[in-house]
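Subject: Structure for you to look at

Hello,

Here is the structure I said I would pass on. My notes on what I found follow below it.

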Amino acid sequence: MYNKLIRSLGKKVRLGRTRFPVWTIALGLTLVAAVAGQAVGPVLSGSVQGSAGLVVSQTIVLASAPIPDGNEDDFASTMNDEGTAFTFALETKVGQNQTVTLELDNLSGAEANGILEISAPAGIDVDADEGAGPMVGLARLNRNSFLFSINDTSAGTPGEIVLEIEAKDDAAPGFYTITGRIIQVAN
């Protein structure tokens with residue numbers, strides 16, 4: 001039997017003008033079948049490979065730059081492009097209290113929670129209270145942070161946090177810059 005196999009593999013097959021040994025055709029067919037299996041496997045399993053860019057943004061954002069109440073002598077306010085941070089500068093003196101309103105939008109479609117972090121210079125006290133709109137609650141976490149909840153604002157009424165700013169007795173008159181940011185937290 002071994003001799004028959006060896007003789008069969010040694011025979012030549014004619015393809016056109018050229019003749020090939022049977023063993024080369026058998027080897028070629030084996031290689032083609034192996035390579036075809038490599039290509040068919042991922043297609044049949046349904047796997048897809050690739051990459052995609054992804055941007056994640058938070059749903060609690062500022063609706064506008066901070067709005068002072070009108071008791072200040074002079075002010076300027078701005079917010080970042082994402083609506084998650086703000087800066088305002090105001091001129092104040094000892095005994096002068098001012099309020100600044102932060103209008104917030106909740107774009108999630110459900111109640112959401114966030115933390116408001118305030119950075120104020122020495123000599124300035126900042127406190128926060130709930131304003132009008134769909135605010136659910138606001139509580140102080142520490143000297144510079146407030147935890148809040150806000151309902152969905154898709155009806156068009158933004159939630160409000162009112163910042164009360166007071167210069168301490170040892171604060172020099174002049175411009176003070178207060179910055180803040182909103183951090184969304186999981187429910």
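The model is a predicted one, and its open sheet of six strands is where I started. The strand order is S5-S6-S13-S8-S11-S10, and the pairing is antiparallel. The edges are taken by S5 (75-79) and S10 (135-142); each has a single partner strand, so one side of each is left without a neighbour in the sheet. On average, neighbouring strands here are turned by 20 degrees against each other, direction ignored.

Going through the sheet from the S5 edge, five bridges hold the antiparallel pair of S5 and S6, the latter covering residues 85-92. Within that pair, Ser77 faces Phe88 of S6. S6 is also joined to S13 (residues 174-185), antiparallel and with eight bridges. Here Ala89 has Thr177 in S13 as its bridge partner. S13 in turn pairs with S8 through seven bridges, again in the antiparallel sense, and Ser119 is found opposite Thr179 of S13.

The other strand I looked at closely is S7. Of its ten residues, seven are buried, which leaves S7 mostly covered. Its pairings are as follows:

- With S12 (residues 159-167), S7 forms eight bridges in the antiparallel sense; Asn97 has Glu166 in S12 as its bridge partner.
- With S3 (residues 60-62), S7 forms three bridges, also antiparallel; Ile60 stands opposite Asn106.
- With S4 (residues 67-68), S7 forms two bridges, and the two strands run antiparallel; Pro68 is set opposite Val100.

Asn106 deserves a separate paragraph. This residue belongs to strand S7. Is Asn106 buried or exposed? Its relative accessibility is 1%, and since buried means under 20%, Asn106 counts as buried. Its side chain has polar partners in the backbone: the oxygen of Ile150 is reached at 3.1 Å, and the backbone oxygen of Asn151 lies 3.2 Å from a polar atom of the Asn106 side chain. Leaving out residues up to four places away in sequence, Asn106 touches Thr59, Glu111, Ala112, Ile150, Asn151, Asp152 and Thr153.

Thr153, the last residue in that set of contacts, sits in the loop between S11 (145-150) and S12. With a relative accessibility of 7%, Thr153 is buried as well. A polar atom of its side chain lies 2.8 Å from the backbone nitrogen of Asn106. Asn106 therefore has polar contacts through its side chain, to Ile150 and Asn151, and through its backbone nitrogen, to Thr153, given that a polar contact is a pair of N or O atoms within 3.5 Å. Beyond four places in sequence, Thr153 touches Leu104, Asp105, Asn106, Pro134, Pro158 and Gly159.

Ala110 comes into the same part of the notes. Ala110 is in the loop that runs between S7 (97-106) and S8 (112-119). Unlike the two residues above, Ala110 is partly exposed, at a relative accessible area of 40%. Its contacts, with neighbours within four places in sequence left aside, are Ile150, Asn151 and Asp152. These three residues also appear among the contacts of Asn106. Ala110 and Ser154 are separated by 44 residues in sequence, and their C-alpha atoms are 9.5 Å apart.

Some overall values for the protein. Two helices and 13 strands are present. The protein has 187 residues, of which 27% count as buried. Its accessible surface is about 11700 Å², and carbon and sulfur atoms account for 56% of that. Among contacts with a separation of 6 or more, 71% are between residues 24 or more positions apart.

Last, confidence. The average pLDDT is 82, and 88% of the residues score at least 70. Among the elements, S8 has the highest mean pLDDT, at 94, and helix H1 (residues 2-10) has the lowest, at 70. Where pLDDT is low, the predicted coordinates should not be read in detail.

Regards

Methods: Residues numbered from 1 in each chain as written. Predicted model: local features only at pLDDT ≥ 70, side-chain atom pairs only at ≥ 80, totals over all residues. Heavy atoms only, no water. Pairing = 2+ DSSP bridges. Helix = DSSP H or I, 4+ residues; strand = E, 2+ residues; numbered from the N terminus. Axes fitted to C-alpha atoms, helices over the stretch in contact; angles between N-to-C directions. Buried < 20%, exposed > 50% of the residue type's maximum accessible area, 1.4 Å probe, protein only. Contact = heavy atoms within 4.5 Å. Areas by Shrake-Rupley, 256 points an atom, 1.4 Å probe, with all protein chains shown as cover. pLDDT = per-residue confidence, 0-100. Polar contact = N/O pair within 3.5 Å; in protein donor to acceptor, adjacent residues only side chain to side chain.
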